[in-house]
Each structure stands twice: as C-alpha cells, then as structure tokens.
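Please look through the sequence and the model below before reading on. The paragraphs after it go through the chains one at a time and then turn to where they touch.

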Amino acid sequence: MDALTSYFYMDGYAGFIWPAYAIVTAVLVGLWMISRRSLRDAERTLDTLSPPEDRQ
Amino acid sequence: MKRKHKRLTFVVIALGLLGVAAGLVLSAFEENIVFFYSPTDIAENNVAEGRRIRLGGLVEEGSVKKAGGAVVNFRVTDLTTVIAVTYKGLLPDLFSEGQGVVAEGALQGGVFRADEVLAKHDETYMPPEVAEALKKSGKWKGPGESQGENRGKDNNK
Amino acid sequence: MFHRFANPARFLRLAAAVQPWAAGATVVLLATGLVLGLVASPADYQQGETVRIMYVHVPSAWMAIFCYSALAGACAVALIWKHPLAGLAARATAPIGAAFTFLALVTGSLWGKPMWGTWWVWDARLTSVLVLFFLYLGYMALDNAFDDPGRGAKASSILALVGFVNVPIIKFSVDWWNTLHQPSSVVKMGGPAIHPSMLTPLLLMGLAFTTYYVWVLLIRIRREIIATKIRALQMRQAAGQGAAAPAAAPAPGEAR
C-alpha cells in the first residue's frame, strides 16, 4: 500500500504528471466518441432518406 | 490535363514565393525572435544599464551562493564572458551548476538583477544510474563537463 | 493505384476492413506504451519523474506536425487534381491535428512549470506551435463559413497551404534561433540522445498515436462521405418534389 502511495506521489510531481495524462486521455477518448457518434447519426439520417437496400 | 498542370505549377510557384517571403521576414526579424542573449552578446553590444533583456548561458560551476532571504547570487557564462547575476525568488527544479539558464532582468552597476530565472533543459535523457556510470568511466558529456568538451575541440583530443 | 482508392465506394470497403486493425493496434500499442512509460521506465537523472510527461508530449507534438503535413498534402491534391476524397480527408484530419496540437501545448506547459519554472514563454518554438493551433482553428472555421461547401473547401485549402510555411519553422526553430525549448533528442546527428529504456516507450506511444490517427481519420472520412451522399439525396429530393417526379425512384448512382 505504501509503495502504491509513493508511486502515485511521483516524487512530488503528481500534480503535473497525472493532469497531463488525464487531459490526453480525455481529449483522445472524447474525440473518438464524438467522431463515432457523428458517423452513427449520419448513417441514421441516410437510412431515413433512402431505403437501406438502395445503398451499396 | 492541361488545366491540372496549370494549377499544379501555380501552387508550386506560389508556395515557393511564400517560402522565400517567410524566410526574408524571419531573417529581418531575427533580433526579435532570439529568446535570450549570451554574456558575450551583452558585453560586446554595451547593453544600457536598466534595459530589460534576457541573459542565457550556463551557471558557472561553484558560483551559486545563497545570500539568505531567498536571494541567490551566481554567475552565467558562455565559456568566453562571465556575468554575475543576483536573483530573489524561487528557482526552478532543473536549476543547478553547469546547467543552462535564462534570466530576465537588467544590468545594474555591472551586476545582472534578474526578476525571473528559468532553467534550460538539454536534449539528453537517461536514468540516473547510467549518468553515474558515464561519469565514472569518463565518457560524460552532460552538464558540468561541457566546458571540457568544448576545449576538446581545440586541443584535438 | 491512387485512383482506385480515390473512388468513395471502394474507399468505404477498404476503410471498413482497415478500421478494426487500426483500433486494435491503437489499444495494444497504447497499453504497452503506458505500462513502459508510467511504470517500467526509470526516472531521468535531471528531470526526475516529470520525464514521464514526455511520453505523451512528444508524440502529440509529432502528430501535430504530421497531421498538418497530411492536411496540406490533401488540400494540394484537392485543389490541383480535384479528387473528392482528398477534400474529405483534409476536412476529417483538421480536428484530429488540432486536438494533438492542443495536447502538445498543454502537456508541455505542465512539464515547463516544474522544470523551466514557467508555464509559458514566447520563444520561437512555443510561439510557432501556438500559431499552428490557430491555423487548424482558422482552417476549420473557414471550411464551415460558406453556404456552398465547395467554396469553403477552396478557401480553407488555400489557407492550409499558405500555413504550411509554419511547419519547417516549427521543426527548425530550435536550431535557427536560441529558444528556451530544447532541440530534438530523437532526430539528431549521431543518433538519439535518449537512453533506450526511455526511447522504447516514447516510440511505442508515437506509434500508438499514429494508429489512433488512422483509426479516427477513417471514422471521420466515412462520416464525410455519408454526409456528401445525404446532401446529394436531399437536393435531388427537393428537385424531385418541385418537378413532381416519383419520390420512390431509387436515386441514380446510389443503387448498384
């Protein structure tokens, strides 16, 4: 348990290292989710405009 | 096909001209793009007392003296000229003797009074044990030995 | 070869095949890179533990430049050869590049505060990367500013090409002028100045960010292709209603 605490403490730099990784994770996951939702929405709109058997 | 070639030539020429223009502008503004001046720059150009400027160089080995009350005195060198610096405040974690440093302030009676001191990092990354081993084997090229390395060029080893 | 993949229908099939591999590679590379970077790699002899910020900062900065080069290249192809896919690829790349540039700036700032002693300085490297971020934002704003997507694409493509002069400036800023930012450690004469125990996680993270780019790029290009189809269908239906044509008729070019 102590080893884990000292690991997360990062020799006093926890306040810089963990926010850096948190922001990277948030931005990359967020961009992926926005892109995917946008694709899904577009696919749904296309389905309402033309019957699926017409496509591809 | 003809129109494509025309567009291609146009884009290539436009980008070429743009590159030349950017190069000219940048070289014209070189003075302003430079982030700091070396001690030699400052000594040779007779920088006026009290003019705000950034001084960059290495912290001279053995020159750092804590004067109490968070005041630190040290000397910045570019291995040719040395300028004494006095600074009151917190030093960045990378600050140490032999390490690159950029101080912002002004000359006052021949002493550079800095109100901000930034540490400059070099491009070398290694674990502490490797640094130790290199120092022991005499292959050290990092901070602290850079003066010796520079001399080595002239002395031909 | 090039023309074969420039066909949107073919591209969609290719994208569907490549996308799961890009996703899988991203997850595996990211997991390995993070374990090596956050746990298995040593602290630096000068920077201590903050060296771990480098494993996300440097790949973000690489991708910021890489995406802008891809953007400018795609814009050039779209302007000169009028390939419809190139325009879509450019439009799909810009937000990813902007995200990487933002991350490079923020993580750099989080490293700069404890190490340099400041969050930000206006040196040539930091300033030129901030300009890159604004170029991405300007490109995206211009791309969406026109009612006619064709005109927006043309104006923004020209901006992207003009902004490309900034890329060599960013790369060589640390060599041409003295800056607070350190010169490149990986791409330099005499080999990288990074110990292998730190270089490995750095390169793995770089690869992971590259496959992430491919993965999200494919998703975004697919969306752009479908959006183009939707626009064409809506225009056709609007025209069809005006001419009282049978609405149920399959749209030509959509059926195969």
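How many helices and strands does the secondary structure of chain B come to? In this predicted model, the count for chain B is five helices and six strands. Read from the N terminus, these elements follow the order α-α-α-β-β-β-β-β-β-α-α. Of the 157 residues in chain B, 23% count as buried. Taking contacts in chain B between residues at least 6 apart in sequence, 46% join residues at least 24 apart.

Chain B has helix H1 at residues 2-28. At 1.5 Å a residue, its 27 residues should span 39 Å, and the end C-alpha atoms are indeed 39 Å apart, so the expected and actual spans agree. Is H1(B) covered by other parts of the model, or does it lie in the open? The number of buried residues among its 27 is zero, so H1(B) lies largely in the open.

The strands of chain B come next. Strand S1 (residues 53-59) is joined to strand S3 (residues 71-77) by two bridges, and the two run antiparallel. One pairing to look for is that of Leu58(B), whose bridge partner in S3(B) is Thr77(B). Strand S2 (residues 65-68) also runs antiparallel to S3(B), with three bridges between them. Here Lys65(B) stands opposite Asn73(B). S2(B) and S3(B) form a hairpin with two residues between the strands, and in this hairpin Gly69(B) takes a positive phi near 65 degrees.

S3(B) is also joined to strand S4 (residues 82-88), by seven bridges, and this pair is antiparallel. Asn73(B), already met opposite Lys65(B), stands opposite Thr86(B) in S4(B) as well. Phe74(B) stands opposite Val85(B) in S4(B). The hairpin of S3(B) and S4(B) has four residues between its strands, and Leu79(B) takes a positive phi near 75 degrees there.

Which residues of S4(B) are on its covered face, and which are on its uncovered one? Ile83(B), Val85(B) and Tyr87(B) make up the covered face, while Val82(B), Ala84(B), Thr86(B) and Lys88(B) make up the uncovered one. In a regular strand the side chains alternate between the two faces of the sheet. S4(B) is further joined to S6(B) by three bridges, and these two strands run parallel. In this pairing, Thr86(B) stands opposite Arg113(B).

Chain C is built from eight helices and zero strands, in the pattern α-α-α-α-α-α-α-α along the sequence. Its C-alpha atoms fill a box of roughly 75 × 35 × 30 Å along the principal axes. Of its 256 residues, 45% count as buried. Among contacts in chain C between residues at least 6 apart in sequence, 73% join residues at least 24 apart.

One helix of chain C to follow is H3. At 1.5 Å a residue, the 30 residues of H3(C) should span 44 Å, which agrees with the 44 Å between its end C-alpha atoms. H3(C) is mostly covered, with 24 of its 30 residues buried. Just after this helix, Lys82(C) takes a positive phi of about 60 degrees.

The largest nonpolar core has 104 residues, of which Ala103(B), Ala64(C), Leu71(C), Cys75(C) and Ala90(C) touch the most other members. Helix H3 (residues 51-80) of chain C gives the most to this core, namely 20 residues. In soluble globular proteins, nonpolar side chains tend to be buried together. Leaving aside neighbours within four places in sequence, Leu71(C) is in contact with Ala90(C), Thr93(C), Ala94(C), Gly97(C) and Ala160(C).

Finally, there are the contacts between chains. Where chain B meets chain C, 31 residues of chain B and 35 residues of chain C take part. On the chain B side, H1, strand S6 (111-120) and helix H4 (128-137) each supply at least two residues. The largest share of that side, eight residues, comes from H1(B). By class, the chain B side divides into 21 nonpolar, four polar and six charged residues. Chain A also touches chain C, with 27 residues of chain A in contact with 35 residues of chain C. The chain A side has 17 nonpolar, five polar and five charged residues.

Note on methods: Residues numbered from 1 in each chain as written. Chains lettered and ligands numbered in written order. Predicted model: local features only at pLDDT ≥ 70, side-chain atom pairs only at ≥ 80, totals over all residues. Expected span 1.5 Å × (residues − 1). Buried ≥ 20, exposed ≤ 12 C-beta atoms within 10 Å, placed from the backbone. Contact = placed C-beta atoms within 7 Å. Nonpolar A, V, L, I, M, F, W, Y, C, P; charged D, E, K, R; others polar. Core = buried A, V, L, I, M, F, W, Y, C linked by C-beta atoms within 7 Å. Pairing = 2+ DSSP bridges.
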